[in-house]
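Reader: I'd like a close look at one part of this, not a tour of everything. Pick a spot, stay with it for a while, then show me how it ties in with its surroundings.

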Amino acid sequence: MTDAKVQARLPPEELINLVPDVWTRPFWEAAAEHRLVIPCCTACGTYRLPPSAFCWKCQAQDVEWVEHDGNGAVYSFTIVHHPVLPDLADSVPYVPAVVELPHTNGCRLIGALVDVELGDVKIGMPVELVWRDVREGTTVPTFRPRR
Amino acid sequence: MTLVDKAAVVGVGATPYYKRGRSLPQTPFEMAGKAMLAALDDAGLSVADVDGLALYSFGLGGDTSLFAQVMGIPEVRFTAMLTGGGGGAAGSVGLAAAAISSGMAECVVSLMTLQQAASRFGASFAPKGKPGAQYSAPPTPEGNFIQPAGLMGPGQMFAVLAQRHMHLYGTKREHFAEVAISTRENARRRETSIMRDELTLDDYFNARMIADPLCLFDFCLECDGAVAVVTVTAERARDLAHPPAYVRATAHGGHGRWGQAITWMGMPDDEYASSGHRPVAKRLWEMAGHGPEAVDVALIYDHFSPMVILQLEDYGFCGVGEGGEFVADGNIRWPGGSIPVNTHGGNLSEAYIIGMTHVKEAVEQMRGTAVNQVDDAAVALVTGGPASIPTSSVLLAREPVS
């Protein structure tokens with residue numbers, strides 16, 4: 001592939017607008033502090049993402065917010081070449097990746113890959129979390145190959 | 001008690017199919033009305049016979065109350081809508097059969113209407129579109145976990161599933177190409193098709209990549225238009241204009257943890273690289289009393305070519321992980337394949353009316369009047385889109401089981 005050496009870019013900041021509810025707010029507040037926290041059911045120990053009002057396993061509500069180091073592996077990905085909106089024209093190619101986080105009963109976090117050439121992206125590759133500060137109070141996860 | 005053979009599709013009708021935005025100045029509502037009238041006329045029925053509307057989320061282009069009022073339906077006895085986001089055209093006919101077999105209604109219209117003038121499905125999960133855009137997705141607490149990565153269109157999201165399938169099973173772009181090319185070959189013979197030019201393997205591999213591994217020809221069209229089908233009791237069906245297409249079986253739904261599927265990406269590992277249809281397929285075959293071996297023609301929802309392969313696996317036409325080789329071996333070709341797929345040209349090449357063209361084709365195959373007629377076709381499978389649940393499917397048959 002001729003574009004194997006092309007560096008992945010990122011979708012534009014202005015399309016990122018967080019609208020947290022009471023269940024997702026702790027995640028984003030921690031993200032703004034560059035901490036990854038995942039809600040874990042206090043009744044049965046099941047993690048859940050996105051954060052939600054009920055445990056899908058036991059239907060209990062209470063959670064403990066457990067810190068995670070953000071190291072994971074690419075579960076799958078796509079390389080977006082075509083901008084579906086004019087706003088994305090200067091952002092392609094970018095690489096949305098689904099990243100599985102170990103020790104979370106299979107929770108997956110989705111983030112664009114950074115610091116990577118398109119030809120190097122593979123399912124299973126180890127990645128680490130890189131927080132992307134979009135604006136004051138808004139920080140989202142991206143991932144880069146783990147060195 | 002099941003609905004097997006209690007109802008039959010007796011009328012199909014459609015507006016012309018338009019490229020995205022070209023149906024203006026018609027309103028979506030108007031196209032829905034035209035399609036319904038065409039389907040009733042096809043059946044030898046009129047608005048006076050209609051007593052039910054069984055729809056799928058986007059189906060009407062307006063509200064059922066206004067539709068009944070404007071079209072002059074004498075008495076409405078049943079209205080229901082299959083929920084979801086893409087999976088329900090086939091299931092809306094199942095809903096009609098459920099209404100009829102339960103005695104709630106006798107003549108039920110299912111409709112799919114689409115107009116993408118103001119906005120487009122290709123960017124349907126983007127947080128920003130044109131002002132007033134019908135299909136853009138404003139940020140939500142759940143969407144916040146996917147949009148910031150740049151996943152904003154269904155094609156990008158299904159590309160992620162396709163990528164996983166390739167990784168697990170060695171599925172190749174050549175396999176996706178076979179779906180696109182075989183479907184195009186079917187479309188080329190039809191006057192209704194929007195895409196009638198030959199599509200070669202070179203064309204496929206020279207096309208621009210949209211969301212790797214999906215290129216331009218892996219994507220369905222973006223269209224306007226409406227398709228309606230009329231379902232009545234089996235008794236009544238025998239006296240109408242065409243041979244009935246009996247509703248042999250139908251199912252909709254899916255595993256709860258398939259859930260929002262591509263818009264959350266947290267589906268269980270053992271079915272992630274699937275179409276989400278496995279539980280629906282299982283119940284469909286149980287209701288029918290037979291499996292895929294009895295199906296003569298399959299109208300498989302084809303928004304993105306890999307998802308045809310994944311559905312062929314999930315409905316048991318081949319084993320899980322074997323779909324790529326299965327299509328590469330020529331099995332889905334018309335004529336001559338072991339299970340001709342999308343003889344009408346599908347969403348990929350005829351027109352994208354969210355899968356209702358697939359129902360129309362199944363009916364025509366059962367009547368023996370399809371443009372690309374499968375010889376002696378007696379059972380047709382129609383599936384709704386792999387998407388968030390419910391996904392759905394319906395089996396139509398030329399003869400009752402008994």
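Author: A380(B), in β11(B), is the bridge partner of V297(B). That match belongs to the parallel pairing of strand β10 (residues 297–299) of chain B with β11(B), which is made by three bridges. Strands count as paired here if DSSP finds at least two bridges between them. The strands themselves are DSSP runs of E with at least two residues, helices are runs of H or I with at least four, and both are numbered from the N terminus.

Before going on, a word on what you're looking at: this is a predicted model, where local features need pLDDT of at least 70, side-chain atom pairs count only at pLDDT 80 or more, and totals for chains, interfaces and linings use all residues. Residues are numbered from 1 along each chain as its sequence is written, while chains are lettered from A and ligands numbered from 1 in the order in which they are written.

Back to the strand. β11(B) also pairs with strand β12 (residues 391–397) of chain B, this time antiparallel and through five bridges. Within that pairing, L395(B) in β12(B) is opposite L381(B).

So how are the side chains arranged? In a regular strand they alternate between the two faces of the sheet. In β11(B), V379(B), L381(B) and T383(B) point one way, A380(B) and V382(B) point the other way, and all are buried. Buried means that 20 or more other C-beta atoms lie within 10 Å of the residue's own; 12 or fewer makes it exposed, anything in between partly exposed, and the C-beta atoms are placed from the backbone. Because five of the five residues of β11(B) are buried, the strand is largely enclosed by the rest of the structure.

β11(B) also does some covering of its own. Together with α4 (154–169), α5 (173–188), α8 (278–288), α10 (323–328) and α11 (346–350) of chain B, β11 (379–383) is included in what covers the buried residues of α9(B). Helix α9 (residues 305–314) is largely enclosed too, since 10 of its 10 residues are buried. Don't expect just greasy names there: Q311(B), E313(B) and D314(B) are among the buried ones, along with residues such as V308(B), I309(B) and L310(B). Just past the helix, G316(B) has a positive phi of about 85 degrees.

Helix α12 (residues 356–367) of chain B makes a handy companion to α9(B). Its 12 residues reach 17 Å from first C-alpha to last, close to the 16 Å expected at 1.5 Å a residue; that expected span is 1.5 Å times one less than the number of residues. With 11 of its 12 residues buried, α12(B) is largely enclosed by the rest of the structure. Among those buried are H358(B), K360(B), E361(B) and E364(B). Right after α12(B), G368(B) takes a positive phi of about 85 degrees.

Now zoom out to the packing. In soluble globular proteins, nonpolar side chains tend to be buried together. The largest nonpolar core here has 173 residues, of which V230(B), I353(B) and L396(B) touch the most other members. A nonpolar core is a set of buried Ala, Val, Leu, Ile, Met, Phe, Trp, Tyr and Cys residues joined through C-beta atoms within 7 Å. Helix α3 (residues 89–101) of chain B gives the most to this core, nine residues. The core lies between domain 1 (7–116 + 220–397) and domain 2 (120–152) of chain B, because both give residues to it; the domain bounds come from an automatic or database domain assignment.

Take I353(B) as one example. Leaving out neighbours within four places in sequence, I353(B) is in contact with Y17(B), M112(B), L114(B), C223(B), G225(B), A226(B) and V227(B), where contact means C-beta atoms, placed from the backbone, within 7 Å.

L95(B), in helix α3 of chain B, is another residue to click on. L95(B) is buried, with 26 other C-beta atoms within 10 Å. Not counting residues up to four places away in sequence, L95(B) touches A54(B), A80(B) and L82(B). The C-alpha atoms of L95(B) and T231(B) are 9.9 Å apart, although 136 residues separate them along the chain.

Technical notes:
Contact = placed C-beta atoms within 7 Å.
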